Amino acid sequence: MAALLFNKERRNEERRPGGHVSKAGKRRPTRNGFQSGKEGESVKRTFSGKKLWQFVQFAALAALVGYAAYQSHYIIFRASYFKLQKLSITGNRVIPREQIVMMSGLELGMPVFELDKSVVMRRLHLLPRVERVTITQRGPNEVAIGVFEKEPAARIHIDGEPLEVDGHGAILGKASKESEKLPWILGADVLPSGGGTGLRLDPRIVEGLVAWLPVLRKSPLADFTSISFPTQGKVVVMWRDIEFFLADAEVFRRHGPYVNDLLTLETERGQRFQYVDLRFNDIVARFHPVD
(Lines give C-alpha, C1' and ligand atoms only; values in the text may rest on other atoms or scores of the structure.)
Protein backbone atom coordinates (compact mmCIF):
# COMPACT_ATOMS: atom_id res chain seq x y z
CA MET A 1 0.00 0.00 0.00
CA ALA A 2 2.83 2.36 0.83
CA ALA A 3 4.49 1.64 -2.52
CA LEU A 4 1.28 2.43 -4.33
CA LEU A 5 0.90 5.71 -2.52
CA PHE A 6 4.48 6.59 -3.34
CA ASN A 7 4.00 5.91 -7.08
CA LYS A 8 0.77 7.90 -7.11
CA GLU A 9 2.48 10.79 -5.48
CA ARG A 10 5.28 10.57 -8.02
CA ARG A 11 2.83 10.59 -10.92
CA ASN A 12 1.21 13.70 -9.52
CA GLU A 13 4.58 15.41 -9.40
CA GLU A 14 5.18 14.59 -13.07
CA ARG A 15 1.84 16.19 -14.03
CA ARG A 16 2.71 19.55 -12.46
CA PRO A 17 3.54 22.18 -15.05
CA GLY A 18 6.57 23.47 -13.16
CA GLY A 19 8.79 20.50 -14.02
CA HIS A 20 9.27 16.80 -13.23
CA VAL A 21 11.15 14.80 -10.70
CA SER A 22 14.40 13.08 -11.63
CA LYS A 23 15.48 9.73 -10.40
CA ALA A 24 17.21 11.46 -7.54
CA GLY A 25 13.90 12.99 -6.53
CA LYS A 26 14.82 16.63 -7.49
CA ARG A 27 12.64 18.81 -9.67
CA ARG A 28 14.11 20.00 -12.98
CA PRO A 29 12.70 23.06 -14.78
CA THR A 30 11.21 22.54 -18.20
CA ARG A 31 12.23 24.51 -21.37
CA ASN A 32 10.44 27.72 -22.37
CA GLY A 33 9.28 26.14 -25.59
CA PHE A 34 7.20 23.70 -23.55
CA GLN A 35 5.62 26.34 -21.35
CA SER A 36 1.92 26.82 -21.75
CA GLY A 37 -0.95 28.56 -20.12
CA LYS A 38 -0.53 31.84 -18.25
CA GLU A 39 3.28 31.66 -18.15
CA GLY A 40 3.53 31.36 -22.00
CA GLU A 41 1.16 34.27 -22.52
CA SER A 42 3.31 36.40 -20.16
CA VAL A 43 6.44 35.64 -22.19
CA LYS A 44 4.69 36.66 -25.44
CA ARG A 45 3.50 39.95 -23.93
CA THR A 46 7.03 40.71 -22.71
CA PHE A 47 8.50 40.03 -26.17
CA SER A 48 5.87 42.20 -27.89
CA GLY A 49 6.48 45.04 -25.44
CA LYS A 50 10.23 44.94 -26.15
CA LYS A 51 9.61 45.22 -29.87
CA LEU A 52 7.30 48.18 -29.39
CA TRP A 53 9.91 49.96 -27.26
CA GLN A 54 12.59 49.39 -29.90
CA PHE A 55 10.30 50.84 -32.57
CA VAL A 56 9.63 53.92 -30.43
CA GLN A 57 13.36 54.41 -29.93
CA PHE A 58 14.04 54.07 -33.67
CA ALA A 59 11.27 56.53 -34.55
CA ALA A 60 12.60 59.07 -32.05
CA LEU A 61 16.13 58.72 -33.44
CA ALA A 62 14.89 59.15 -37.03
CA ALA A 63 13.00 62.28 -36.02
CA LEU A 64 16.13 63.73 -34.42
CA VAL A 65 18.22 62.98 -37.50
CA GLY A 66 15.62 64.59 -39.77
CA TYR A 67 15.45 67.67 -37.59
CA ALA A 68 19.24 67.96 -37.53
CA ALA A 69 19.34 67.67 -41.34
CA TYR A 70 16.74 70.41 -41.69
CA GLN A 71 18.64 72.69 -39.33
CA SER A 72 21.88 72.04 -41.22
CA HIS A 73 20.20 72.85 -44.53
CA TYR A 74 18.81 76.05 -43.06
CA ILE A 75 22.14 77.12 -41.62
CA ILE A 76 24.08 76.40 -44.79
CA PHE A 77 21.69 77.61 -47.49
CA ARG A 78 19.39 80.11 -45.81
CA ALA A 79 21.16 81.66 -42.86
CA SER A 80 22.60 85.10 -43.75
CA TYR A 81 25.91 84.16 -42.14
CA PHE A 82 26.71 81.91 -45.13
CA LYS A 83 25.48 84.32 -47.80
CA LEU A 84 27.72 86.65 -49.78
CA GLN A 85 27.68 89.98 -47.95
CA LYS A 86 30.86 91.63 -49.27
CA LEU A 87 32.50 91.52 -52.70
CA SER A 88 35.81 93.41 -52.96
CA ILE A 89 37.58 94.23 -56.25
CA THR A 90 41.26 95.18 -56.37
CA GLY A 91 43.86 95.82 -59.07
CA ASN A 92 41.59 97.37 -61.69
CA ARG A 93 42.85 100.67 -63.09
CA VAL A 94 40.86 101.05 -66.30
CA ILE A 95 38.16 98.37 -66.12
CA PRO A 96 35.14 99.72 -64.19
CA ARG A 97 34.23 97.88 -61.02
CA GLU A 98 30.63 97.49 -62.23
CA GLN A 99 31.81 95.68 -65.35
CA ILE A 100 33.92 93.24 -63.31
CA VAL A 101 31.01 92.49 -60.96
CA MET A 102 28.61 91.96 -63.86
CA MET A 103 30.99 89.64 -65.72
CA SER A 104 31.78 87.64 -62.57
CA GLY A 105 28.12 86.64 -62.15
CA LEU A 106 28.38 87.05 -58.36
CA GLU A 107 25.57 88.75 -56.47
CA LEU A 108 25.23 89.82 -52.86
CA GLY A 109 22.93 87.47 -50.97
CA MET A 110 23.87 84.34 -52.93
CA PRO A 111 25.07 81.31 -50.91
CA VAL A 112 28.85 81.26 -50.90
CA PHE A 113 28.72 77.50 -51.47
CA GLU A 114 27.55 78.23 -55.02
CA LEU A 115 30.86 79.97 -55.81
CA ASP A 116 32.71 78.21 -58.64
CA LYS A 117 36.10 79.89 -58.98
CA SER A 118 36.90 78.33 -62.35
CA VAL A 119 33.67 79.63 -63.88
CA VAL A 120 34.22 83.15 -62.50
CA MET A 121 37.80 83.20 -63.81
CA ARG A 122 36.70 82.04 -67.25
CA ARG A 123 34.05 84.76 -67.42
CA LEU A 124 36.44 87.52 -66.33
CA HIS A 125 39.06 86.47 -68.88
CA LEU A 126 36.55 87.40 -71.57
CA LEU A 127 37.34 91.04 -70.76
CA PRO A 128 40.08 92.11 -73.24
CA ARG A 129 42.08 94.00 -70.61
CA VAL A 130 42.29 91.16 -68.12
CA GLU A 131 45.68 89.49 -67.92
CA ARG A 132 45.21 87.41 -64.77
CA VAL A 133 42.59 86.92 -62.04
CA THR A 134 42.73 85.71 -58.45
CA ILE A 135 39.67 84.77 -56.39
CA THR A 136 39.89 84.43 -52.62
CA GLN A 137 37.12 83.49 -50.21
CA ARG A 138 37.53 85.32 -46.92
CA GLY A 139 35.37 83.68 -44.29
CA PRO A 140 31.84 82.44 -44.89
CA ASN A 141 30.43 85.63 -46.45
CA GLU A 142 33.19 87.57 -48.26
CA VAL A 143 34.86 87.09 -51.65
CA ALA A 144 37.83 89.10 -52.97
CA ILE A 145 38.61 89.38 -56.71
CA GLY A 146 42.08 90.52 -57.73
CA VAL A 147 42.43 91.74 -61.32
CA PHE A 148 45.73 92.20 -63.16
CA GLU A 149 45.26 94.29 -66.29
CA LYS A 150 47.29 94.05 -69.47
CA GLU A 151 49.73 96.89 -70.06
CA PRO A 152 49.00 98.91 -73.20
CA ALA A 153 51.99 99.23 -75.53
CA ALA A 154 50.64 101.31 -78.39
CA ARG A 155 47.56 102.95 -79.88
CA ILE A 156 45.64 102.41 -83.09
CA HIS A 157 42.80 104.19 -84.86
CA ILE A 158 39.80 102.04 -85.77
CA ASP A 159 36.91 103.85 -87.46
CA GLY A 160 38.29 107.12 -86.17
CA GLU A 161 38.38 105.96 -82.54
CA PRO A 162 41.70 105.65 -80.68
CA LEU A 163 42.12 102.23 -79.03
CA GLU A 164 44.88 100.75 -76.90
CA VAL A 165 46.88 97.69 -77.98
CA ASP A 166 49.08 95.46 -75.84
CA GLY A 167 52.49 94.14 -76.84
CA HIS A 168 50.95 91.02 -78.37
CA GLY A 169 48.52 92.82 -80.64
CA ALA A 170 45.34 92.44 -78.59
CA ILE A 171 42.91 95.38 -78.78
CA LEU A 172 42.28 96.40 -75.17
CA GLY A 173 39.66 99.10 -75.55
CA LYS A 174 39.30 102.87 -75.65
CA ALA A 175 42.47 104.84 -75.12
CA SER A 176 42.72 106.57 -71.75
CA LYS A 177 44.47 109.82 -70.93
CA GLU A 178 47.35 107.84 -69.49
CA SER A 179 48.10 106.41 -72.95
CA GLU A 180 48.54 109.73 -74.74
CA LYS A 181 52.31 109.20 -74.92
CA LEU A 182 52.06 105.73 -76.44
CA PRO A 183 53.14 105.38 -80.10
CA TRP A 184 50.65 104.87 -82.91
CA ILE A 185 50.50 101.74 -85.05
CA LEU A 186 49.92 102.76 -88.66
CA GLY A 187 48.52 100.72 -91.52
CA ALA A 188 47.48 97.71 -89.45
CA ASP A 189 44.57 95.41 -90.27
CA VAL A 190 42.31 94.28 -87.43
CA LEU A 191 40.93 90.74 -87.23
CA PRO A 192 38.75 88.83 -84.73
CA SER A 193 40.84 87.16 -82.05
CA GLY A 194 41.24 83.39 -82.06
CA GLY A 195 39.21 83.03 -78.85
CA GLY A 196 36.10 84.48 -80.48
CA THR A 197 36.05 87.56 -78.25
CA GLY A 198 37.60 90.96 -78.85
CA LEU A 199 39.87 92.00 -81.72
CA ARG A 200 43.49 91.39 -82.60
CA LEU A 201 45.90 92.87 -85.08
CA ASP A 202 46.97 91.03 -88.20
CA PRO A 203 49.48 88.25 -87.32
CA ARG A 204 52.19 89.91 -89.44
CA ILE A 205 51.83 93.12 -87.44
CA VAL A 206 51.78 91.19 -84.16
CA GLU A 207 55.01 89.44 -85.13
CA GLY A 208 56.61 92.82 -85.84
CA LEU A 209 55.47 94.31 -82.53
CA VAL A 210 56.75 91.37 -80.52
CA ALA A 211 60.14 91.59 -82.26
CA TRP A 212 60.65 95.35 -82.30
CA LEU A 213 58.98 96.92 -79.26
CA PRO A 214 61.52 95.54 -76.73
CA VAL A 215 64.40 96.61 -79.01
CA LEU A 216 63.13 100.15 -79.55
CA ARG A 217 62.42 100.71 -75.84
CA LYS A 218 66.14 100.21 -75.10
CA SER A 219 67.38 102.36 -77.97
CA PRO A 220 67.85 106.11 -78.61
CA LEU A 221 64.46 105.97 -80.36
CA ALA A 222 62.62 104.88 -77.20
CA ASP A 223 60.16 107.79 -77.39
CA PHE A 224 59.18 107.14 -81.03
CA THR A 225 55.72 108.39 -82.01
CA SER A 226 54.62 105.78 -84.57
CA ILE A 227 55.56 102.46 -86.10
CA SER A 228 54.41 100.67 -89.24
CA PHE A 229 55.22 97.49 -91.12
CA PRO A 230 54.56 98.32 -94.80
CA THR A 231 56.14 95.17 -96.21
CA GLN A 232 57.74 91.99 -94.96
CA GLY A 233 61.15 92.81 -93.49
CA LYS A 234 60.64 96.57 -93.48
CA VAL A 235 59.86 98.69 -90.42
CA VAL A 236 59.22 102.43 -90.44
CA VAL A 237 59.56 104.34 -87.18
CA MET A 238 58.73 108.02 -86.80
CA TRP A 239 60.93 109.80 -84.26
CA ARG A 240 60.91 113.59 -83.89
CA ASP A 241 59.36 113.93 -87.34
CA ILE A 242 62.13 111.85 -88.87
CA GLU A 243 61.46 108.56 -90.60
CA PHE A 244 63.79 105.75 -89.61
CA PHE A 245 63.90 102.70 -91.87
CA LEU A 246 64.72 99.50 -90.03
CA ALA A 247 64.96 95.87 -91.10
CA ASP A 248 67.31 93.83 -88.92
CA ALA A 249 67.36 94.20 -85.14
CA GLU A 250 71.03 93.29 -84.80
CA VAL A 251 72.11 95.84 -87.41
CA PHE A 252 69.97 98.44 -85.69
CA ARG A 253 71.67 97.75 -82.34
CA ARG A 254 75.08 98.32 -83.90
CA HIS A 255 73.95 101.69 -85.30
CA GLY A 256 72.37 102.77 -82.03
CA PRO A 257 75.44 104.52 -80.51
CA TYR A 258 75.82 106.68 -83.63
CA VAL A 259 72.28 107.98 -83.83
CA ASN A 260 72.87 110.91 -81.46
CA ASP A 261 76.08 111.81 -83.30
CA LEU A 262 74.15 111.76 -86.55
CA LEU A 263 71.60 114.23 -85.23
CA THR A 264 74.30 116.81 -84.52
CA LEU A 265 74.60 117.23 -88.26
CA GLU A 266 71.18 118.83 -88.25
CA THR A 267 72.45 121.57 -85.97
CA GLU A 268 75.65 122.06 -87.95
CA ARG A 269 73.86 122.37 -91.28
CA GLY A 270 70.71 123.98 -89.99
CA GLN A 271 68.61 121.40 -91.81
CA ARG A 272 66.22 118.69 -90.78
CA PHE A 273 66.57 115.05 -91.77
CA GLN A 274 63.84 113.68 -93.99
CA TYR A 275 64.74 110.08 -93.26
CA VAL A 276 67.51 107.90 -91.86
CA ASP A 277 68.04 104.42 -93.27
CA LEU A 278 69.48 101.95 -90.75
CA ARG A 279 68.83 98.77 -92.69
CA PHE A 280 72.36 98.25 -93.94
CA ASN A 281 75.89 98.30 -92.59
CA ASP A 282 76.28 101.92 -93.68
CA ILE A 283 73.93 104.60 -92.40
CA VAL A 284 72.13 106.52 -95.12
CA ALA A 285 70.52 109.86 -94.23
CA ARG A 286 68.72 112.41 -96.37
CA PHE A 287 68.05 116.02 -95.51
CA HIS A 288 64.92 117.86 -96.53
CA PRO A 289 65.61 119.74 -99.76
CA VAL A 290 66.37 123.43 -99.36
CA ASP A 291 63.89 125.78 -101.05
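**A short tour of the model**

1. Lys-174 is a good place to begin: its relative accessibility is 61%, so this residue counts as exposed. Please keep in mind while reading that the model is predicted. Lys-174 belongs to strand β8, which covers residues 171–174.

2. What does Lys-174 touch, once residues up to four places away in sequence are set aside? The partners are Arg-129, Glu-161, Pro-162, Leu-163 and Glu-164. For one of these, Leu-163, there is also a C-alpha separation from Lys-174, namely 4.4 Å, with their positions 11 residues apart along the chain.

3. Just past that strand, have a look at Ser-179, in the loop that joins β8 to β9 (184–186). Is Ser-179 buried or exposed? Its relative accessibility is 2%, and because buried means under 20%, Ser-179 counts as buried. Lys-174, by contrast, is exposed at 61%.

4. The surroundings of Ser-179 can be described a little further. A polar atom of its side chain lies 2.7 Å from the backbone oxygen of Ser-176. Leaving out residues up to four places away in sequence, Ser-179 touches Arg-155 and Glu-164. Glu-164 is also among the residues that Lys-174 touches, which gives you a handy landmark when moving between the strand and the loop.

5. Next, a pair of helices. Helix α3 spans residues 97–104 and helix α4 spans residues 117–124; their axes come within 8 Å and cross at roughly 130°. Because of that angle, α3 is oblique to α4. The crossing is right-handed.

6. Which residues make the contact between α3 and α4? From α3 come Ile-100, Met-102, Met-103 and Ser-104, and from α4 come Val-120, Arg-123 and Leu-124. Sorted by class, this contact has 5 nonpolar residues, 1 polar and 1 charged.

7. Further along the chain you will find Glu-266 in helix α7, which runs over residues 259–269. Glu-266 has 11% relative accessibility and therefore counts as buried. Apart from neighbours within four places in sequence, its contacts are Ile-242, Gln-271, Arg-272, Phe-273 and Phe-287. Of these, Phe-287 sits 21 residues away in sequence, with a C-alpha to C-alpha distance of 8.4 Å from Glu-266.

8. Now for two backbone details. Arg-240 and Asp-241 both deserve a look on screen. Most residues other than glycine have a negative phi. Arg-240 is not a glycine, yet has a positive phi of about 55°. Asp-241, also not a glycine, has a positive phi of about 65°.

9. Where are these two residues found? Arg-240 lies in the loop between β13 (234–239) and β14 (242–246), and Asp-241 lies in the loop between β13 and β14 as well. Asp-241 counts as exposed because its relative accessibility is 65%. Strand β14 covers residues 242–246, and Ile-242 is one of the contacts of Glu-266 in the list above.

10. To finish, a view of the whole chain. How many helices and strands does the chain have? There are 7 helices and 16 strands. The chain has 291 residues, of which 32% are buried. Among contacts with a separation of 6 or more, 43% are between residues 24 or more positions apart.

Notes. Residues are numbered from 1 along each chain as its sequence is written. This is a predicted model: local features need pLDDT of at least 70, side-chain atom pairs count only at pLDDT 80 or more; totals for chains, interfaces and linings use all residues. Side-chain values use heavy atoms; hydrogens and water are left out. Axes are lines fitted to C-alpha atoms, for helices over the stretch in contact, and angles run from 0 to 180 degrees between N-to-C directions. Helices (H or I, at least four residues) and strands (E, at least two) are DSSP runs, numbered from the N terminus. Angles under 35 degrees count as roughly parallel, over 145 as roughly antiparallel, 65 to 115 as roughly perpendicular and the rest as oblique. A crossing is left-handed if the near helix is turned anticlockwise from the far one by less than a right angle, and right-handed if clockwise. Contact means heavy atoms within 4.5 Å. Ala, Val, Leu, Ile, Met, Phe, Trp, Tyr, Cys and Pro count as nonpolar, Asp, Glu, Lys and Arg as charged, and the others, Gly among them, as polar. Buried means under 20% relative accessible area, exposed over 50%, partly exposed in between (1.4 Å probe, protein chains only). A polar contact is a pair of N or O atoms within 3.5 Å; within protein, one must be able to donate a hydrogen and the other to accept it, and residues adjacent in sequence count only if both atoms are side-chain atoms.
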